[in-house]
Amino acid sequence: MDRAVAGGAARGVDRSGGVQPTGDTIQIGIAVDIPEPWGAQLTRRRVEAGDPLAVPAHVTLLGPTEIRTANLAAVERHLAAVAAAHLPFALHLRGTGTFRPVTQVVFVAVAAGISECELLAAAIAAAPGLHRELRFPYHPHVTVAQDVAPEALDKVYEDLADFSAMFEVEAFTLFSHSGQARWQPRRDFRLGD
């Protein structure tokens, strides 16, 4: 159900189930979910590669970031404003790439929608109370294998070389992690809302 974000006119879909974070800090991340049937396909390939971090397929907009729990409401207001200021866009995933030898990652490449992802990521990172040191420049992609045997990386790279999917991105999702459970979706923020 749509629920107004406190202090903002933009609306987001609350997926937290009313669960409020406990403790002084919380880990958050923000991503674009990959819709079906492609999301399940890419997630399954990551599992089959033996990747222990096989989370559902997504394009990261903000990687895992620890914030003060007291800042969560302000971050959510900022995300609502960012979503309202950006229109939906087409995202085209095509082929594979790798960050090897720097990191042991194989990914499905973003062929169209790169600049839209970059603009969203930059706007999101400007939220008050967010500070995250980046090890590498932002590069939108969908990880399909990470930190697995070189042969598994090679196989996923080859198997998905002809992968292609095109869809409309209409929202991004705020995820949280309490340290005791897997990443949980908290709220969807609809673009241009």
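Modeller: Relative accessible area sorts residues into three classes: buried means under 20%, exposed means over 50%, and partly exposed is in between (1.4 Å probe, protein chains only). Keep in mind that this is a predicted model, where local features need pLDDT of at least 70, side-chain atom pairs count only at pLDDT 80 or more, and totals for chains, interfaces and linings use all residues. Residues are numbered from 1 along each chain as its sequence is written, and side-chain values use heavy atoms, with hydrogens and water left out.

Colleague: Why is Asp147 called exposed?

Modeller: Asp147 has 53% relative accessibility. The cut-off for exposed is over 50%, so Asp147 is exposed. Asp147 sits in the loop between β7 and α4 (150-159). Its phi is positive, about 55°, although Asp147 is not a glycine.

Colleague: What makes a stretch a helix or a strand?

Modeller: Both are DSSP runs, numbered from the N terminus: helices are H or I with at least four residues, strands are E with at least two. By that rule the chain has 4 helices and 10 strands. Their order along the sequence is β-β-β-α-β-α-β-β-α-β-α-β-β-β.

Colleague: Why does His78 count as buried?

Modeller: The relative accessible area of His78 is 18%. Buried means under 20%, so His78 falls in that class. His78 belongs to helix α2 (residues 72-85).

Colleague: What does His78 touch, and what makes a contact?

Modeller: A contact means heavy atoms within 4.5 Å. Neighbours within four places in sequence aside, the partners of His78 are Ala123, Ile124, Ala126, Ala127 and Pro128. For the chain as a whole, take contacts with a separation of 6 or more: residues 24 or more positions apart account for 75% of them. Of the 193 residues, 43% count as buried.

Colleague: Why is Pro88 called partly exposed?

Modeller: Pro88 comes out at 35% relative accessibility. That value is in between the 20% and 50% cut-offs, so Pro88 is partly exposed. Pro88 lies in the loop between α2 and β5. Not counting residues up to four places away in sequence, it touches Glu168, Val169, Glu170 and Leu191. The C-alpha atoms of Pro88 and Arg190 are 8.3 Å apart, with their places 102 residues apart along the chain.

Colleague: Why is Met166 exposed, although it is in strand β8?

Modeller: Being in a strand does not set the class; the relative accessible area does. Met166 has 53%. The class starts over 50%, so Met166 is exposed. Met166 still touches Trp38, Leu91 and His92, leaving out residues up to four places away in sequence.

Colleague: What makes Pro37 exposed, and which peptide bond precedes it?

Modeller: At 54%, Pro37 passes the cut-off of over 50%. The bond from Glu36 to Pro37 is cis, with omega near 10°. Pro37 is in the loop between β3 and α1 (38-48). A cis bond also joins Arg100 and Pro101, with omega about 10°. Pro101 is in the loop between β5 (89-98) and β6 (105-112).

Colleague: What makes a space a pocket?

Modeller: On a 1 Å grid over the protein atoms alone, a pocket is an open set of points with protein on both sides within 12 Å along at least five of seven lines, whereas a cavity is a set where a 1.4 Å probe fits but cannot get out. Lining residues have an atom within 4 Å of a point. Points are joined across faces, edges and corners, and the volume is the space filled by probe spheres set on them. The largest pocket holds about 1,600 Å³. It has 46 lining residues, and His58, Thr60, Gly63, Pro64 and Arg132 are the closest to its centre. Strand β4 gives the most to the lining, 8 residues.

Colleague: How do you know how far to trust the coordinates?

Modeller: Use pLDDT, the predictor's confidence in each residue, from 0 to 100. The chain averages 86, and 85% of the residues score at least 70. Strand β8 (residues 164-169) has the highest mean among the elements, 98, and strand β1 (residues 2-4) the lowest, 26. Over residues 1-11 pLDDT stays under 50. Where pLDDT is low, the predicted coordinates should not be read in detail.
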